[in-house]
Amino acid sequence: MQRRLRLFEHRRASGRAGPEAPPSPDGAGPEAARTESRLRSPVWLVVALGLGVFFAGFDQTFVVTILPDMTRDLGITVDRFGRAAWIVNGYLLGYTVAMPLMGRVADAFGHLRIYTLAIVIFVVGSAGVALAPNLELLTAARAVQAVGGGAVVPISMAIIADTLPPARRALAVGVVAALDDASSLLGPFYAAALVDYVGWRGLFWLGIPLQIPFLLAVLLLARETGRAEGRSRVDWQGGLLLAAGLTCLTVALTEDVGGARPLWQSLLLGALAAAFTAAFVWRQLRIPSPLVHLGILRKPAVASALALYFVDGAATITALVTIPLMTNVLWGGTPLDGGVNLMKLMLWMPVGGVVGGLVAQRVGYRPTAACSFLMYGLAFLAIWRWPVPPSQPVMWGTLFVLGLGIGLNDAPIIGSVLNSVRALERATASALTQVVQTTGMIVGTALLATQGLGRFNQRAAELFQERGFQQTTEEYRAIMHQTFNEVFLTAAVVTLAAMALTAFLSRGRAREVVWAPLGGLAKQEGPGSDGG
């Protein structure tokens, strides 16, 4: 039947399909059908999903800009200021913990339904933050925001996979990932530009009307997938075990805001994280409807993608932390200088997301991801050889390569996972990739804080033993430079070695490609496309 339909379409396109079809009973002719097709084009759906992700992502980053205004308005004194860090950390933790559970709920009850619920939860949380009279209620409202915000990205990716055939997903995934990166870049500027006019509470109120139009657009453009028997089962106990494990791991690897945490407490938290994770895995292997079907990890395309995203998270946070830090402590720059240098990197990350989607759709996931990690490694090697300080052309060129490489791998990695799992697992699998990337960031930050700082302290102690109080600032900067160089050389080796894993990704290449931005999304997958 499908072959006959394709033959009919071919004859109709050639003018040999026979007499023109009669108008439909409701009077809608071919022109009306074409208009409806244009209105329901996947291009507009991708734009609506991407902008929803973009504005939801603002709340993750603009809080850093307005944190002093928030603490002052809430009457948080200096002795309680450490607790205010949970306005940021609590959101990020809740965001990470909520993703896998909300992803599974979306797979169980319908992607479009739970996308709508996620936006509603996010909006309610935003209103709660704007109305919060104290730090405790504000932190709780931020947690509600995180539950909704943590679901938006993976469910958006699942809706894209529901709508587009495998060979046409790369560009759409790249666009949404690029807008997610752009929100991190522009969020602080957005808050800085508006906070004097609307206040910090007004910024959260503004987030509500910014979401509603794109939610309505998604509801009009997307079609809900059908329900399968037994699909509504959700392993809530497994979700709690996973949440507990991620929480313990995050707290164990994060510096205590009240000062240095005793070693035994960190070890205890690490042991609890391992115990909860082991209990989660044991449960997933024994129940008929697990939260995460661990069998997908036996697929090379999924396992390699998750490993690559873990490395990506660790390498990305290494760059985001060390670039401004080097500017301040090694080159004698101001905090503003450090922020400007960081912008030189982050500016190219959204560009890399779109370019990665275009390239992956043309040449496939494997070479695109390999190019991404090659750019990572070469950029880290270049920073390893930077003079003190580097010239502006050298810095711009290196950070261009690094930022583009960071964005380049989103489309091939997420696309490989989406192509390799069943339709009823797409949101869960997409959420799992986000969790793995965030875990890589947490581990990367912990390694920088422990290994990097530990090496510097060791060298500083050796310098003091050798020179006593006669050491100079230049000598301290020299050991700082040596420590940074070790970090970048290690990052280069790890990212270049990770290139080997890209050979196991899904191919994801379309033989017929339209290079016009987003134009190829409306094309239907032909018999020659390859999404495997």
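Let us start with one residue of this predicted model and work outwards. Leaving aside residues up to four places away in sequence, Arg169 touches Ala161, Leu164, Gln361, Tyr365, Leu418, Asn419 and Arg426. Arg169 itself sits in helix α7, which covers residues 169-221. One of its neighbours is also a polar partner: the side chains of Arg169 and Asn419 make a polar contact at 2.8 Å. What about a partner of opposite charge? Arg169 is buried yet has no salt bridge, and the nearest side chain of opposite charge, that of Asp162, is 6.8 Å away. A salt bridge would need the charged atoms to be within 4 Å.

Asn419 takes us to the next helix. Helix α15 spans residues 410-420 and is mostly covered, with eleven of its eleven residues buried. Among them are Ile414, Leu418 and Asn419. Leu418 is already familiar as a contact of Arg169, and Leu418 also touches Met157. Apart from residues up to four places away in sequence, Met157 has contacts with Val173, Val176, Ala177, Ile414, Leu418 and Ser430.

Met157 leads on to the nonpolar interior. The largest nonpolar core has 101 residues, and Met157 is among those with the most contacts inside it, along with Tyr115, Ile155, Val218, Phe380, Trp386 and Leu402. Which helix gives the most to this core? Helix α7 does, with eleven residues. There is also a second, separate core of 26 residues, which includes Phe55, Phe62, Ile66 and Ala141.

Now for the aromatic rings. A pair of aromatic rings is described by the distance of the centres and the angle of the planes. In this model the count comes to 13 aromatic pairs. For Phe62 and Tyr190, the ring centres are 6.0 Å apart and the planes stand at 40 degrees, so the pair is tilted. This pair links distant parts of the chain: Phe62 belongs to helix α3 (residues 42-73) and Tyr190 to helix α7, 128 residues apart. Are these two residues buried or exposed? Phe62 counts as buried because its relative accessibility is 1%, and Tyr190 is buried too, with a relative accessible area of 16%.

Tyr376 and Phe380 form another aromatic pair, this one stacked, with 6.2 Å from centre to centre and 10 degrees between the planes. They are four residues apart in helix α13 (residues 365-384), so about one helical turn separates them. Tyr376 counts as buried at 0% relative accessibility, and Phe380 likewise counts as buried at 0%. Elsewhere, Phe62 and Tyr190 take part in one aromatic cluster together with Phe54, Phe55, Phe58, Trp200, Phe204 and Phe214.

To finish, visit a loop. Leu291 lies between α9 (263-286) and α10 (300-329). Is this loop residue buried or exposed? Leu291 is buried, because its relative accessible area is 1% and the cut-off for buried is under 20%. Its surroundings come from several parts of the chain: not counting residues up to four places away in sequence, Leu291 touches Pro100, Leu101, Arg104, Asp235, Gly238, Gly239, Leu242, Phe280, Gln284 and Thr428. Take Arg104 from that list: Leu291 and Arg104 are 187 residues apart in sequence, while their C-alpha atoms are 6.2 Å apart in space.

Methods
Residues are numbered from 1 along each chain as its sequence is written. This is a predicted model: local features need pLDDT of at least 70, side-chain atom pairs count only at pLDDT 80 or more; totals for chains, interfaces and linings use all residues. Side-chain values use heavy atoms; hydrogens and water are left out. Helices (H or I, at least four residues) and strands (E, at least two) are DSSP runs, numbered from the N terminus. Buried means under 20% relative accessible area, exposed over 50%, partly exposed in between (1.4 Å probe, protein chains only). Lys and Arg count as positive and Asp and Glu as negative; His and the chain ends are not counted. A polar contact is a pair of N or O atoms within 3.5 Å; within protein, one must be able to donate a hydrogen and the other to accept it, and residues adjacent in sequence count only if both atoms are side-chain atoms. Contact means heavy atoms within 4.5 Å. A nonpolar core is a set of buried Ala, Val, Leu, Ile, Met, Phe, Trp, Tyr and Cys residues joined through side-chain atoms within 4.5 Å. Rings of Phe, Tyr and Trp (its six-membered ring) pair if their centres lie within 6.5 Å; planes under 30 degrees apart count as stacked, over 60 as edge-to-face and the rest as tilted.
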